[in-house]
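Dear colleague,

I am passing on the structure we spoke of, and my notes on its charged side chains come after it. Please read them with the coordinates open.

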Amino acid sequence: MKPEDQQLIDNTFMQQALLLAKSASECGEVPVGALVVKDGEIIARAANGPISTNDPTAHAEILALRKASATLENYRLPASTLYVTLEPCIMCMGAIIHARVQRLVFGAYDPKTGAAGSRYTIGNDGLLNHWLEITGGVCEAECGDLLKDFFRARRKQK
């Protein structure tokens, strides 16, 4: 596949993840959306949910991986791509590794807790038994602006 074709596909799926992030924001959650794609089809989608569920593990990535695993009836997700609007944290990267996701595509970088290259490099550093392809910065401005606007509004409320 040509790189420009892959970019178009990545942008299209990231737009879907952004819709999920916006819905999370409307529910008072940090605006992060994720989806799992296999064979060009979305098999799972999720929005961030730690606040509403009182569950610190209810990140969009974790919820999407759980749904994808249930759909495929397999805890392994080989040949899948995870799209997420924010660079995953350490917990989420651990789950991504254990699920054997083939490719991770994320939007905004997270310089404070990002574990796919910003703060930590998990998944393609050669230290673990699974390696995945990581593409960051897809629709970066739009993903980042959504997060900035969310936190700006929260600071005004206090």
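The notes below concern the salt bridges in this structure, which is a predicted model.

The structure holds four salt bridges, and three of them are described here, beginning with those made by Arg 103. The side chain of Arg 103 meets that of Asp 10 in a salt bridge, with 2.7 Å from N to O. Because Arg 103 belongs to strand E4 (residues 103-108) and Asp 10 to helix H1 (residues 3-26), this pair ties together parts that lie 93 residues apart in sequence. Arg 103 has a relative accessibility of 8% and Asp 10 one of 4%, and since buried means under 20%, both partners count as buried.

Arg 103 also forms a salt bridge with the side chain of Glu 133, at 3.2 Å from N to O. This pair likewise links distant parts of the chain, as Arg 103 is in strand E4 and Glu 133 in strand E5 (residues 133-135), 30 residues apart. Glu 133, at 36% relative accessibility, counts as partly exposed.

Another salt bridge joins the side chains of Asp 149 and Arg 152, at 2.8 Å from N to O. These two residues are three apart in helix H5 (residues 140-157), so about one helical turn separates them. Asp 149 is partly exposed at 44% relative accessibility, and Arg 152 is partly exposed at 39%. Elsewhere, salt bridges with shared partners connect Asp 10, Arg 103 and Glu 133 into one network.

With best wishes

Methods
Residues numbered from 1 in each chain as written. Predicted model: local features only at pLDDT ≥ 70, side-chain atom pairs only at ≥ 80, totals over all residues. Heavy atoms only, no water. Helix = DSSP H or I, 4+ residues; strand = E, 2+ residues; numbered from the N terminus. Buried < 20%, exposed > 50% of the residue type's maximum accessible area, 1.4 Å probe, protein only.
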